[in-house]
Amino acid sequence: MGRKLLLEHINVPGINTFDVYRSKGGYAAVEKALKTLTPDEVVEEVKKSGLRGRGGAGFPTGMKWSFLAKPEGVPRYLVCNADESEPGTFKDRYLMTHIPHLLIEGMIIASFALGAKTSYIYVRGEMMPQIRILEKAIAEARNAGFLGKNILGTGYDLELYVQPGGGAYICGEETALIESLEGKRGNPRIKPPFPAIAGLYGCPTVVNNVESIAATVPIIRDGGDEYAKIGIGRSTGTKLISASGNLNKPGVYEIELGVPVEEFIYSDEYCGGIANGKRLKAVVAGGSSVPILPANLILKTINNESRLMSYESLSDGGFATGSMMGSGGFIAFDEDQCIVRNTWNFARFYHHESCGQCSPCREGTGWMEKVLHRLEHGHGKLSDMDLLVDVSKKIEGNTICPLGDAAAWPVASAIRHFRDEFEWHVTNPTEAVSRNFGLAHYADPLSKPEEVA
Amino acid sequence: MLRVENVNHAPVEFSAALLNKFADLVSRYPEGRQKSALLPVLHETQAELGWLSVPAMDKVAAYLKIEPIEVYEVASFYTMYFLRPQGKYMLEVCRTGPCCLVGAEKIMDHIEQKLGVKEGDVTADGLFSWRGVECLAACGFGPVLQIGPEYTFYENLTTELVDKLISDLKAKANN
């Protein structure tokens, strides 16, 4: 059994209330931080832990914190990114629903480390039930003296507010989130300046994912070195994986980074194998924007090594034969699923969610959706695959924010690995609307890579 | 003026309770940054009025001391704000990839048949609207559906569960 740092007490009845959370050792990390550590020492512990941003980018959290500008007399802000909208990712909703005080405790620790006196949790607007849960948890923490003026008699003041979004995927991008928090459309800003210099209201701001902030609780409680002992290489600690699709036991799992992908899919401790006795066809390992991989490449790397659930192993092979950890949205496709239909679905999503600010993304996502729609519905041409790759290349890297890349990668990778399935849709248009291509050779063992002389 | 046609843009009044909520929301931001309250203020306004008419948005603009265009551009950008009247209950089904792997499209077909209206339309009794929405972040428990205005959430949907939800809401509305 892997160690659980975030979800250890998830099944304790009443863990969503302050009293039960406190009785399980909750808020001890806040006491330790505020009473025995300086803000810089808290940052130092997070650096030592090797924690990498859990929202998708994987940037070291401690380093991000140390970039925060600290000019005299200017307020600094911490904003928690709870705008969880990446298809395949649902860990933050789960955490906020079941153990909201873990996020509140992390917010207090992180705000103290950064010197923020007012912090916001930006929750996507659709999560109204979670907003109500968090507001109740904040009121409980305030009544117990963990929020407000002079917390625990240490002289540290903190106000914490929940801000609802309006329903826009783009607001998960940190500068779009800041714009939205200022009451504007969620159009990402050009960087630099980075939020660490000029963020919310032009003040130095840190934006962190829910899970990153929650992870600071065990880091401060046990020490950064202790946290860094878990995991593998530069992938330290535990990670919440959102498992969905055709699995026997979909859900949120906390894994020690470095668990083999095969074990994660097939062992009873995690997903328990593919549902209905089917076979695995493909996996999107880190949320819809990362490259999709066929079964053979997700289980083994091109060098025939077992692929692990870690930042490095999932990206082994680059985009040619690898993928990314992303936000940990693990979507499994069984042999009955149609890759073309799914790629069209994702393309429609990105077209719908493009903010429209940059032409390559605004126009390109629309064209990709249209071309994929005709492929799926039996009106495609053999030249469409090259056309899609061409459009995706013209979006990638040519936009202000990463939504363009996120829209381009799933399309380009689906054609890279499943080209024969796309071609079959063109050559067998009537058959393609009545049945699916099936598993084909996508789960076949890999051929040995050629030795490089 | 924002072009939203064929709908009633009669003047509106905000209740005292709604204005109290506005005041609480505005107090969360630094002096002079009251525009930050715009998104939550629009949510509260829509919860009270059912949708955001141009006069309602103009009133919000006046309250927050911003230009009306600053409200229109936000209300038309975010998908949760309704610029035309909707059914009393809005059924929103997730239509993104992971939910489609486990049958979301069948659920949407079923709702369309059951309510007898197309996506985005309102039933004759004014009670229901439905639409497909993008990922609701519950992919492991799909298909999923949320029902406004409270955004109550239902997971692992079946057609039987959908039938029950609809008949329960009808009974609730008739009481």
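The following conversation concerns selected residues of a predicted model.

User: Let us start with charges. Where is A:D405 placed?

Analyst: A:D405 belongs to helix α18 of chain A, which covers residues 403-427.

User: Is A:D405 buried or exposed, and what is the nearest side chain of opposite charge?

Analyst: A:D405 is buried and forms no salt bridge. The nearest oppositely charged side chain belongs to A:K191, at a distance of 11 Å. A salt bridge would require a separation within 4 Å.

User: What does A:D405 touch, then, leaving out residues up to four places away in sequence?

Analyst: With those residues set aside, A:D405 is in contact with A:E396, A:G397 and A:P410.

User: A:K191 came up just now. Which residue does a cis peptide bond join to A:K191?

Analyst: That residue is A:P192, and omega of the bond is about -5°. A:P192 sits in the chain A loop that runs between α8 (174-181) and β5 (205-209).

User: And in chain B, which residue is joined to B:P143 by a cis peptide bond?

Analyst: B:G142 is the partner, again with omega of about -5°. B:P143 is located in the loop of chain B between β2 (128-133) and β3 (145-148).

User: Staying with that loop between β2 and β3, what about the phi of B:A137?

Analyst: B:A137, which is in that loop of chain B, has a positive phi of about 60° without being a glycine. B:A137 is also buried, because its relative accessibility is 0%.

User: Over to chain A: what is the phi of A:N150, and where does the residue lie?

Analyst: Phi of A:N150 is near 50°, which is positive although the residue is not glycine. A:N150 lies in strand β3 of chain A, residues 148-151. With a relative accessible area of 41%, A:N150 counts as partly exposed.

User: New topic: how many disulfides are there over all chains?

Analyst: The search of the whole structure gives 0 disulfides.

User: Why is A:C80 without a bond to the closest cysteine sulfur?

Analyst: The closest cysteine sulfur is that of A:C171, and it is 14 Å from the sulfur of A:C80, so the two are too far apart for a bond. The cut-off for a disulfide is a sulfur pair within 2.5 Å. A:C80 is buried as well, at 0% relative accessibility.

User: What is the nearest cysteine sulfur to A:C338?

Analyst: The nearest is the sulfur of B:C100, 12 Å away, and A:C338 is in no disulfide. A:C338 has a relative accessible area of 7% and is therefore buried.

Note on methods:
Residues numbered from 1 in each chain as written. Chains lettered and ligands numbered in written order. Predicted model: local features only at pLDDT ≥ 70, side-chain atom pairs only at ≥ 80, totals over all residues. Heavy atoms only, no water. Helix = DSSP H or I, 4+ residues; strand = E, 2+ residues; numbered from the N terminus. Buried < 20%, exposed > 50% of the residue type's maximum accessible area, 1.4 Å probe, protein only. Lys, Arg positive; Asp, Glu negative; His and termini not counted. Contact = heavy atoms within 4.5 Å.
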